[in-house]
Every structure is written in C-alpha cells, then in structure tokens.
Amino acid sequence: MARRSTTYGRGGPFVYLVALAVVAVTLGPVLYGALGGFRTNAQLARDPAGLPDPWVFGNYGNVLGNEAFWRYALNSTAIAVITTAVAVLAGVMAAYPLARYQFALREPLFLVFVLGLLFPAAVAIIPLFILVTRDLQLGNSWWGVALPQAAFALPVTVVILRPFLMALPKELEEAAMLDGASRIGIFWRIAIPLSMPALVTVGVLAFVTSWNAYLLPLLLLQGEMRTLPLGVADFSTQYSADTAGVLAFTTLAMIPALILFLAMQRRIVSGLQGAVKG
C-alpha cells in the first residue's frame with residue numbers, strides 16, 4: 001500500500017485517468033485542427049481521423065500569404081493590447097486603495113466589483129452598442145471595442161489584485177514614508193513591483209479574453225477593422241468547401257494566445273496562489 005501510494009500519489013490511479021481524459025478532451029480538437037491543416041480535402045474526406053500522408057504545407061502557406069489574415073491579426077493585437085493595458089492599470093489603481101486604505105464603505109464598494117463577475121456581457125450588448133456608436137462616436141474603431149472589454153475585465157482584475165496587495169507587509173510602507181516617500185511613490189515604487197506576479201496574471205487573462213472575443217467585435221467592427229475570430233467566421237463561410245484551409249486559418253488564429261498562455265503559465269499560477277493566500 002505504501003508503494004502504491006508513492007507511485008500514484010494521494011489521488012490514486014483514478015485521478016490520473018480522469019486527468020488524462022480531461023487533457024484528451026481539451027487538446028484533442030486543437031491537435032485535430034492543427035494536423036488537419038497539413039492535409040488535403042481529399043485526405044479529410046477519405047479518413048477524417050487519420051494523420052497527414054503526405055504532409056501538405058500549402059494550406060498554412062496560403063493563409064500566411066493572405067493579406068486579410070495579417071490585417072485581422074493586427075486588429076486583434078491592437079485591441080487586446082489596449083484592453084490589457086487599460087484593465088491592468090485601472091484595476092491596480094482601484095484595488096490598491098481597497099486593499100491598503102481604511103475608509104467608509106470600503107467593503108460594499110469591493111462587493112460591487114465582485115457582483116460584476118456575475119454580470120454577463122450579452123445583457124449589456126445593445127446599450128453598449130448605442131453608447132459606443134452614438135454617444136462616444138467610437139464605432140468601428142479599436143478603442144470602441146477595447147474600452148468595453150477592459151470594463152468587463154475590471155471585476156476579475158480587482159478581485160485577484162486586492163488580496164495580493166493586502167498581503168504586502170505594512171512595514172515596507174512605514175519604512176518608505178520615514179524615508180520621505182509619498183503615497184503615490186509607495187504605490188509606484190513598492191506596490192507595483194511586488195505585485196508583478198498578480199499583474200502578469202490579470203494581464204494574460206485580459207489579453208486572452210480579448211483575443212477570443214466575438215460578440216462585441218461582431219456588433220461594432222466592420223470591413224477592414226474586423227478581428228481574427230470574425231475573420232475565421234468569414235473565411236469559413238467564404239471557403240466552406242476548403243475544410244483543410246479553414247482548419248489552417250483557425251489554428252494560426254489561436255496560436256498567439258495559446259503561446260502567451262503557455263509561456264506565462266507558471267506566473268499565472270503563482271499570481272493566483274498569492275491571491276488565494278492573501
């Protein structure tokens with residue numbers, strides 16, 4: 001029993017089987033799409049679950065040579081970067097006083113951000129469309145999509161950052177104030193650097209969410225301003241008979257967000273662990 005516990009850990013073999021099943025269900029469609037892009041339509045029709053034989057690189061070459069793909073990628077990147085910058089900056093500026101200062105209605109104010117996690121974006125999509133296009137005159141622009149996305153990313157940003165900032169030692173602030181540092185100086189020189197793992201976590205989450213957004217860009221963007229998720233839908237409609245080309249286009253569209261998430265995986269975990277401990 002001791003050797004078996006050491007081999008499988010506390011969960012036992014059943015936990016590993018469930019984990020493998022979850023991994024297979026999660027990565028299966030991604031691998032199928034990536035490998036399908038290296039096949040011809042005839043290969044997909046003859047053996048949908050088979051491996052490329054021979055490997056065909058023309059599908060990815062055609063997508064990379066498509067000017068529309070790079071235009072979609074530029075729009076998605078710009079909107080995701082603006083969304084991330086606004087969400088992280090506004091989130092840390094809102095979370096810092098909620099974590100470090102004592103004032104009336106502090107907890108009810110934080111509860112407003114918590115309740116924001118329960119507010120679905122689809123409910124506000126029509127008022128947002130009217131506000132952005134008619135009142136703010138930001139329709140069919142990067143900022144018109146990025147600002148509402150940053151607003152919807154703000155609740156999760158504040159919820160993650162607040163406990164992380166609360167866990168920072170008060171002795172650091174007291175020592176900095178004795179050295180003549182101002183409140184703003186403490187915020188920029190102490191709180192921001194020490195909370196970098198949490199900032200990376202919320203930044204990656206905001207970027208990936210913006211990169212995969214579909215409904216809001218669908219309503220606000222037209223023509224050359226459309227993003228990659230919209231480009232995938234347009235490409236699959238225009239070239240519905242070219243299944244291999246659609247799979248190649250879809251795979252290339254999700255690669256940047258996937259690479260960013262995998263590259264920052266450890267930082268995301270450490271940031272969430274710090275938030276839980278706080």
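## Close-up views of a predicted helical model

**Figure 1. The second largest pocket and its charged residues.** The lining of the second largest pocket counts five charged residues by class, along with four nonpolar and one polar. This and every other view here comes from a predicted model. The space in the second largest pocket comes to about 160 Å³. Around that space stand Ala99, Arg100, Gln102, Arg106, Met166, Leu168, Lys170, Glu173, Glu174 and Met177. Two elements, α5 and α9, give two or more residues each to this lining. The largest share, four residues, comes from α9.

**Figure 2. The largest cavity.** Rolling a probe the size of a water molecule over the atoms reveals where empty space remains. How many cavities of 30 Å³ or more does a search of the whole structure find? The search finds one, and the volume of the largest cavity is about 50 Å³. Its lining is made of Tyr96, Arg100, Leu168, Pro169, Leu172, Glu173, Ile186, Ile190 and Ala191. At least two lining residues come from each of α5, α9 (170-178) and α10 (183-194), with α10 giving the largest share, three residues. By class, seven residues of this lining are nonpolar, two are charged and none is polar. Readers arriving from Figure 1 will recognise Arg100, Leu168 and Glu173, named in the lining of the largest cavity and also in that of the second largest pocket.

**Figure 3. The largest pocket.** About 420 Å³ of space lies in this pocket. Its lining takes in 25 residues, and those nearest the pocket centre are Ala121, Gln149, Phe152, Ala153 and Thr209. Helices α8 (142-166), α11 (196-211) and α12 (215-220) each contribute at least two residues to the lining. Which class has no residue in this lining? The charged class is the one without a residue here, while 19 of the lining residues are nonpolar and six are polar. For contrast, the lining of the second largest pocket has five charged residues.

**Figure 4. Two annotated spans, seen as helices.** The UniProt annotation "transmembrane region", from an unreviewed entry, covers residues 12-35, 72-96, 108-130, 142-165, 186-211 and 244-263. Two of these spans are picked out here. Residues 142-165 are 100% helix and 0% strand, and 31 Å separates the C-alpha atoms at the two ends. For residues 186-211, the end C-alpha atoms lie 33 Å apart, and the span is 96% helix and 0% strand. The wider setting fits on the same page: the protein has 15 helices and zero strands.

**Figure 5. Helix α13 and its cover.** Which residues of helix α13 (residues 228-238) are buried? They are Leu228, Pro229, Leu230, Gly231, Val232 and Phe235. The cover over these buried residues includes α5, α11, α12 and α14 (243-263). Across the protein, 39% of the 278 residues count as buried.

**Figure 6. Backbone details in three loops.** Most peptide bonds are trans, and most residues other than glycine have a negative phi. Against that background, three places are worth a closer look. The peptide bond from Asp53 to Pro54 is cis, with omega near 0°; Pro54 sits in the loop that joins α3 (41-46) to α4 (58-64). Leu105 has a positive phi, near 65°, although it is not a glycine. This leucine belongs to the loop between α5 and α6 (106-116). Is Leu105 buried or exposed? Leu105 counts as exposed because its relative accessibility is 63%. Gln137 likewise has a positive phi, near 55°, and lies in the loop between α7 (125-135) and α8. With a relative accessible area of 60%, Gln137 is exposed.

**Figure 7. Confidence and overall layout.** The protein has a mean pLDDT of 85, with 91% of its residues at 70 or more. Where among the elements is the mean pLDDT lowest, and where highest? Helix α1 (residues 2-8) has the lowest value, 47, and helix α5 (residues 67-100) the highest, 93. Over residues 1-8, pLDDT stays under 50, and the model has three contacts beyond four places in sequence for this stretch. Taken along the principal axes, the C-alpha atoms fill a box of roughly 75 × 70 × 35 Å. Of the contacts between residues at least 6 apart in sequence, 72% join residues at least 24 apart.

Notes: Residues numbered from 1 in each chain as written. Predicted model: local features only at pLDDT ≥ 70, side-chain atom pairs only at ≥ 80, totals over all residues. Heavy atoms only, no water. pLDDT = per-residue confidence, 0-100. Contact = heavy atoms within 4.5 Å. 1 Å grid on protein atoms, 1.4 Å probe; cavity = no way out; pocket = protein on both sides within 12 Å on 5 of 7 lines; lining within 4 Å. Points joined across faces, edges and corners; volume = space filled by probe spheres on them. Nonpolar A, V, L, I, M, F, W, Y, C, P; charged D, E, K, R; others polar. UniProt positions renumbered as here; feature names shortened; annotations may be inferred. Buried < 20%, exposed > 50% of the residue type's maximum accessible area, 1.4 Å probe, protein only.
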